[in-house]
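Let's take a walk along the place where two protein chains meet. Have a look at the picture first, and then we'll go through it piece by piece.

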Amino acid sequence: MMAEKPTGHIHTVSTLTREIKTLLEETYPFIWVCGEISNYSVPASGHSYFTLKDQQATIQAVMFKNQKLKLRFNLEAGMKVYGLARLSIYEPRGTYQLIFEHIEPEGAGSFQIAFEQLKRKLSDKGYFDPKFKKPIPYLPLNICIITSGTGAALKDIIHISKRRFSNCRLEILPVKVQGDGADIEIINAIHLANQRQKAEVILLARGGGSLEDLSAFNSESVAEAVFQSKIPIITGVGHETDFTIADFVADLRAPTPSAAAELALPDKRILIQQVFEFRKRLDKSMASLISNLRHTRISLLSRLKSPEMMIYTHRLKLEDLELRLNRQIKAYFEYHKEKIQWLSDSLYSKTIKKRISDQQQHVKMLSDKLAHHFYVLFQKNKTKLIELASKLDVLSPLSVLNRGYSISRFVLNKKIITDSAQVKPEDKLETILFKGRLISTVEKIDG
Amino acid sequence: MVKKQSFEASLKELEEIVREMESGDLSLEEAVKKYETGIKQAKYCNDFLNTTERKIIMLTKDNEGSLKEEIFKDDSNDI
């Protein structure tokens with residue numbers, strides 16, 4: 001029987017879906033949901049897609065990449081979680097899914113939060129500061145091990161220590177490493193080791209376990225004891241990826257108990273090898289020093305000559321020099337002798353002699369000439385003299401007197417009288433004649 | 001004589017001596033002195049590595065609370 005076609009409003013798929021979407025999204029804007037993760041996948045987009053399920057039901061869920069950044073852990077299939085989500089309809093497929101804003105692991109979540117809080121607190125107090133980390137001794141021969149007396153961790157440590165450095169003293173302080181009172185036992189053991197002052201280093205170790213199992217190592221009181229210990233502490237708790245508060249406070253953190261033993265003890269074979277190598281290099285450098293000095297000595301010795309040898313060398317040199325000196329002097333004399341010979345030859349050559357006789361002749365000729373000229377000049381002047389003497393004779397007053405003239409002059413002053421005006425009566429006059437003189441007195445002047 | 005000192009200090013001194021010797025800057029007298037010290041340090045290191053005795057002790061408290069040292073039986077047979 002066919003249903004009658006309804007007379008009222010008919011929904012399309014789209015409008016129906018949109019109404020469901022509005023209804024659901026308004027009814028469940030933000031809801032807390034818990035369940036177990038399954039069918040977990042992360043495609044290239046980086047978003048996480050999974051199914052959240054419990055015993056009776058499943059629901060599709062997604063957590064986008066941005067929201068995932070705030071998580072302190074990775075989502076995994078099988079993980080029981082609770083979280084805040086909104087319900088959403090995907091219209092093209094007509095499916096609904098939860099979009100998670102935040103997810104916490106169920107149970108461990110509070111531990112996780114407590115862990116982070118304590119970590120921040122101790123970090124603020126400076127407990128993780130590298131400046132408080134005590135140096136680990138290079139070769140600790142007394143090691144205190146604080147761990148379970150029956151656990152695999154102790155076996156591992158003993159095994160490693162035997163392999164690396166068998167002859168050391170291990171002191172085991174067995175403690176509870178999980179459950180009630182574990183933290184107290186660990187603290188007491190650390191105090192005891194410090195009181196005994198025997199150990200050079202403490203290994204605080206425990207095998208792997210859940211976060212709850214490791215809770216003693218995450219307690220504040222243990223962190224305090226580790227920080228206060230005067231003896232350096234190496235922790236080796238859990239597996240590689242487990243980090244406990246004790247690890248952060250410890251002077252050195254090893255990922256596992258075995259690794260803690262390895263960090264504490266150097267490998268004896270390597271040490272022996274090292275000492276052996278140093279010893280070898282020591283010998284080698286000493287040998288090389290001696291060999292170098294020996295070579296130096298030989299080289300110096302070869303350069304050192306005996307005085308006898310030096311005298312001999314000098315003698316040879318002297319002889320050589322003497323020989324060369326003699327040869328030189330001889331050559332020198334020869335040369336100058338030749339030169340003198342040549343010079344004297346040229347000095348006494350005929351040309352020189354001829355030049356001398358020429359000069360001599362020239363001198364004779366000049367002196368003849370001189371004599372001749374002198375004679376001629378003499379004769380010439382003699383004739384001139386005779387001529388002049390006769391002329392002078394003519395001009396002489398004596399000759400005038402001879403012809404009857406006379407000269408009158410004053411007796412007193414011998415002044416010659418040429419004018420009658422010169423004379424007064426009674427003047428005495430001298431009259432010079434050709435022969436003899438007259439003295440007369442003036443009677444009258446006829447003027 | 002080598003003074004009683006830590007293995008590490010002794011090994012370091014040995015290493016330093018080797019480095020000085022290898023630098024070749026030492027006179028013969030210095031080198032001989034260093035060499036002698038180096039030999040002693042090497043011997044000290046070797047003695048140190050070989051003489052210390054292996055001992056594993058389990059420290060427990062008895063019922064009265066007093067400490068008790070007992071030799072721990074090392075049942076691992078591997079090396």
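Start with the strands: β7 of chain A is joined by 4 bridges to strand β1 of chain B, residues 55–61, and the two run parallel. If you want a spot to zoom in on, find A:R169, which stands opposite B:K55 in β1(B). Keep in mind that you're looking at a predicted model.

Now step back to the whole contact. Chain A brings 38 residues to it and chain B brings 40. Between them, the two chains bury about 3,500 Å², and 69% of that lies on carbon and sulfur atoms. On the chain A side, A:V275, A:F278 and A:L282 lose the most area to chain B, together 18% of what that side buries.

What about charges and polar groups? The count of salt bridges between chain A and chain B is 3. One to look for is between the side chains of A:R281 and B:E22, with N to O at 2.7 Å. There are also 10 residue pairs in polar contact across the interface, with both residues at pLDDT 80 or more.

So which parts of chain A touch chain B? At least two residues each come from α4 (152–164), β7 (169–174), α5 (182–196) and α9 (268–303). The helix α9(A) gives the most, with 14 residues. Sort this side of chain A by class and you get 20 nonpolar, 7 polar and 11 charged residues.

Key:
Residues numbered from 1 in each chain as written. Chains lettered and ligands numbered in written order. Predicted model: local features only at pLDDT ≥ 70, side-chain atom pairs only at ≥ 80, totals over all residues. Heavy atoms only, no water. Contact = heavy atoms within 4.5 Å. Buried area = accessible area lost by both parts, 1.4 Å probe. Salt bridge = Lys/Arg side-chain N within 4 Å of Asp/Glu carboxyl O. Polar contact = N/O pair within 3.5 Å; in protein donor to acceptor, adjacent residues only side chain to side chain. Nonpolar A, V, L, I, M, F, W, Y, C, P; charged D, E, K, R; others polar. Pairing = 2+ DSSP bridges.
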